[in-house]
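Please open the model in a viewer and keep the sequence panel at hand. The tour below proceeds from the whole chain to individual side chains.

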Amino acid sequence: MWIIQRLLLLLADAVGAYCIYHIGKRVYEMEKDSIEEEIERETKRCQAKTTKVNNLAGDADHKKKHNMIVPMKLRPIRGWIFGLSTLELDEVGNKNENSSPHINGKEQNGNSTKLEKVSSSSIPIAHRKQKEPILTLKQIPLLVSLLYFSNPISMIANCTGSIRSLWDALALVSLYYATKPSHTISKEGIPIKIKSMSSTAAFLALATYVDVGYATFLVPILLWRGMWRGHSFYKGQNNDWQGLLTLYICSLAGLHYLASLLLGGSSDEYKSVMAQTILPNVAFLEQDASGSVPGPSMGLHWYFFVQMFDRFRSYFTVFVAGVPAMFILPLTIRLHRYPSVLAAIFPLLWSVFRPTTTVHNLTLGLLLAMLNPRTIVRMRNSSLISLFALPVPALLFITFHRMWLVTGNGNPNYIYFQCFAFGLFVSTITLDFISASVKRDKVLRMAEKGDFNVKDEVEGEKGEPDSKNRPGSVVDTIEELEGIDDDLKNKSDAKSNGKVKDDDDNEEEEEEEEEAEKPAIVFL
């Protein structure tokens, strides 16, 4: 029996890995046809051609699409890891062309003209080292799938008899069906509708019946099924969210009704069973009349529950249990364009506020977050430090748990500080992931509107651009250089025809004006 149980849990991990692979693959395909991907292509194309000014001279296509290019300071510094546009710090050098008598393909006369002076002046040239990506966007779903199946947390949990992997697999199966396209094309070229609404609702209802925390997956599922239409993330997706929501509610109510019938139809007996099975996942409270409560976990609820006066325990239980629900609506309104991001944020938040938190709850949220590389590249170093620091409180929790409850050499304060550190690290990762998602959405909205004034407002004060440090657009810089080039050519021709006097004083004044009007060349 022990072997059969472990094999079933291993099979559940395999099903979950299969589902998360296809979820990531479909998310990649959805984003591939989005406006965000188009902006990314234009930005990378601009980035690949801006090592020298001449590379973009006369590029009419860029002049038409320059509004879709993300400014350099708004690009993620780690974008190169996944082959995305990245913030590059250029090594600027001076290039002198005094020895070259040819400028823009035309030979000038021997006189010292201003066109020659511009060519002989020091022009900053950006020397960039193109970094090779570590992973491509297509490889990420496979990597996440392998990490899900072979992560040591899941293996240890399965060996100890925990069936959390089975519930995670049910939730991932519901996401698998939710991300299915609305139709497929047969060999004869005939579109065939794919029915996935009932499967999505059934598997999500099963997962929610066991743990109410999985109900948060309902939000990204409804978004994938068309609850918030109006942008290209939903091309080829279903539009049946009303039916899915109704079917989910009916399925969940049916499961609870069936459970009450199996218990003999007695409401008291049903409530007592639910208090021991479902309620510990929602609120930290007494399981029965004996006063027994769940043991210490990686969360902080157990410590507060012990320290709380009896008359305040009901208030504390309701308040703390309702805290996670406070984040659902504002996050959905702000990030409704990114269902895959919400599918990762909600498990991460639930792992912080869950009454009986375990490390196994955290792994699902982290793996789902990895399916959003455009968000990950905007995260800060603090998240990376917190991620590698997580094993420390987890291992110390095991040590102090034994010291307190087995050998009697410790006390609950030892465990509390490890739980506090664990919650702090998880909160840091979660908040940074949310912040990076908001930055990503802000850049996309700016690119869609063609509004790049923010790059000037950052440098200047009160919305006024800083003309000295303004990065400017590559196309604008090229147009200004071409305009200066044409003006200098006209003046040179006029001098050769005798229409302009060679006055040294006027020449010095013009040189000063030219240096003052010379644009700041910044390569994006």
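Accessible area is computed here by the Shrake-Rupley method with a 1.4 Å probe. On that basis, the protein chain of this predicted model exposes about 27,900 Å², of which carbon and sulfur atoms supply 60%.

**The whole chain.** Begin with a cartoon view of the protein chain, which contains 23 helices and six strands. Of its 524 residues, 43% are buried. Among contacts between residues at least 6 apart in sequence, 72% join residues at least 24 apart.

**A nonpolar surface patch.** Next, select W2, I3, L7, L10 and F149, which form a nonpolar patch on the surface with about 530 Å² of accessible area together. Helix 1 (residues 2-32) contributes the largest share of the patch, four residues. One residue to inspect is L10, located in helix 1; its relative accessible area of 41% makes L10 partly exposed.

**Around E31.** Remain on helix 1 and display the side chain of E31. Which side chain meets E31 in a salt bridge at 3.0 Å, N to O? The partner is R374. This pair links helix 17 (residues 373-376), which holds R374, to helix 1, which holds E31, across 343 residues. R374 is buried, at 6% relative accessibility, and E31 is likewise buried, with a relative accessible area of 6%.

Now add R440, which also forms a salt bridge with E31, with the closest N and O atoms 3.2 Å apart. R440 lies in helix 20 and E31 in helix 1, 409 residues apart. Both R440 and E31 are buried.

**D441 and R334.** Move to D441, which is in helix 20. Is D441 buried or exposed? Because its relative accessible area is 0%, under the 20% cut-off, D441 counts as buried. Leaving aside residues up to four places away in sequence, D441 touches R334, L335, R337 and Y338. With R334, D441 forms a salt bridge whose closest N and O atoms are 2.3 Å apart. R334 belongs to helix 14 (residues 328-334) and D441 to helix 20, so the pair ties together parts 107 residues apart in sequence. Unlike its buried partner, R334 is partly exposed, at 30% relative accessibility.

To view the wider network, select E31, E36, E37, R374 and R440, which are joined by salt bridges that share partners. The whole structure has 10 salt bridges.

**A helix crossing.** Finally, select helix 18 (residues 381-389) and helix 20 (residues 412-449), whose axes come within 9 Å and cross at roughly 145°. The crossing is left-handed. For the contact, display S382, S383, S386, L387 and A389 of helix 18 together with F425, T428, I429 and D432 of helix 20.

Key
Residues numbered from 1 in each chain as written. Predicted model: local features only at pLDDT ≥ 70, side-chain atom pairs only at ≥ 80, totals over all residues. Heavy atoms only, no water. Patch = residues over 30% accessible without salt bridge, like charges linked within 9 Å, V, L, I, M, F, W, Y side chains within 5 Å. Salt bridge = Lys/Arg side-chain N within 4 Å of Asp/Glu carboxyl O. Helix = DSSP H or I, 4+ residues; strand = E, 2+ residues; numbered from the N terminus. Buried < 20%, exposed > 50% of the residue type's maximum accessible area, 1.4 Å probe, protein only. Axes fitted to C-alpha atoms, helices over the stretch in contact; angles between N-to-C directions. Left-handed = near helix turned anticlockwise from the far one by under 90°. Contact = heavy atoms within 4.5 Å.
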